[in-house]
Amino acid sequence: ELEAELAEDATVRIDCALGSPVAPSGWVLVAAISAGYTALLFKCIAEVAAGASTASSPPWLHWETYALVGVALSNAPLELHCLNLALRVGDAVTVVPMYL
């Protein structure tokens with residue numbers, strides 16, 4: 001019984017920490033913006049890879065290429081994490097249409 005009360009108390013604290021009823025739409029907004037940047041960054045990586053053979057200096061020798069790849073690879077999990085937080089706080093019936 002004590003464990004059930006502690007689990008319920010922890011759930012209430014998590015819900016309060018995540019914010020007000022506006023929080024699901026906020027997380028969805030961040031996830032949608034992140035999805036746009038993820039697509040843009042991977043398109044940039046494709047352009048860099050496609051133009052690598054004709055470039056005067058190979059892009060693989062520049063740190064900016066690796067920064068671009070690193071940001072793209074970290075942005076994709078951020079998108080999923082924010083969407084999961086929105087689904088955790090909000091109702092899927094409202095969260096999914098806002099995301100799409």
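# A walk around Glu79

Start by selecting Glu79: beyond the residues within four places in sequence, Glu79 is in contact (heavy atoms within 4.5 Å) with Ala31, Ser34, Ala35, Thr38 and Tyr99. Before moving on, note that this is a predicted model, in which local features need pLDDT of at least 70 and side-chain atom pairs pLDDT 80 or more, while totals for chains, interfaces and linings use all residues. Residues are numbered from 1 along each chain as its sequence is written, and side-chain values use heavy atoms, leaving out hydrogens and water.

**Stop 1: the setting of Glu79**

Colour residues 63-89 and you have helix α3, the home of Glu79. Is Glu79 buried or exposed? Glu79 is buried (under 20% relative accessible area, with exposed meaning over 50% and partly exposed in between, 1.4 Å probe, protein chains only), and yet Glu79 has no salt bridge. A salt bridge here needs a side-chain nitrogen of Lys or Arg within 4 Å of a carboxyl oxygen of Asp or Glu. Draw a line to Lys43, the nearest side chain of opposite charge, and you will find it 13 Å away; Lys and Arg count as positive, Asp and Glu as negative, with His and the chain ends not counted.

**Stop 2: across to Ser34**

Now pick Ser34, one of the partners of Glu79, which sits in helix α2. Ser34 counts as buried because its relative accessibility is 3%. Setting aside residues up to four places away in sequence, Ser34 touches Asn75, Leu78 and Glu79.

**Stop 3: the nonpolar core**

Which residues make up the largest nonpolar core? Select Val28, Ala31, Cys82, Leu83, Ala86 and Val95, 6 residues in total. Such a core is a set of buried Ala, Val, Leu, Ile, Met, Phe, Trp, Tyr and Cys residues joined through side-chain atoms within 4.5 Å. Two elements, α2 (23-50) and α3, each give two or more residues to this core, and α3 gives the most, with 3. In soluble globular proteins, nonpolar side chains tend to be buried together. Centre on Val28 next: apart from residues up to four places away in sequence, Val28 touches Ala86, Val95, Met98 and Tyr99.

**Stop 4: a patch on the surface**

Switch on the surface and select Leu29, Ile33, Tyr37 and Leu40, a nonpolar patch with about 410 Å² of accessible area together. Patch members have over 30% relative accessible area and no salt bridge; nonpolar side chains (Val, Leu, Ile, Met, Phe, Trp, Tyr) are joined within 5 Å, like charges within 9 Å. Leu29 belongs to helix α2 and counts as exposed because its relative accessibility is 53%. Leu40 is also found in α2, but at 45% Leu40 counts as partly exposed. Try a distance between the C-alpha atoms of Leu29 and Ala86: 9.3 Å, for residues 57 apart along the chain.

**Stop 5: the loop at Pro59**

Move to Pro59, in the loop between α2 and α3. Pro59 is buried, with a relative accessible area of 11%. Beyond residues up to four places away in sequence, Pro59 touches Val48, Ala52 and Thr65. The C-alpha atoms of Pro59 and Ala49, 10 residues apart along the chain, are separated by 8.1 Å.

**Last stop: zoom out**

Show the whole chain as a cartoon: there are 4 helices and 0 strands, in the order α-α-α-α. Helices (H or I, at least four residues) and strands (E, at least two) are DSSP runs numbered from the N terminus. Of the 100 residues, 21% count as buried. Among contacts with a separation of 6 or more, residues 24 or more positions apart account for 72%. The chain exposes about 7,000 Å², 69% of it from carbon and sulfur atoms; accessible areas come from the Shrake-Rupley method with a 1.4 Å probe, and for residues only the protein chains shown count as cover.
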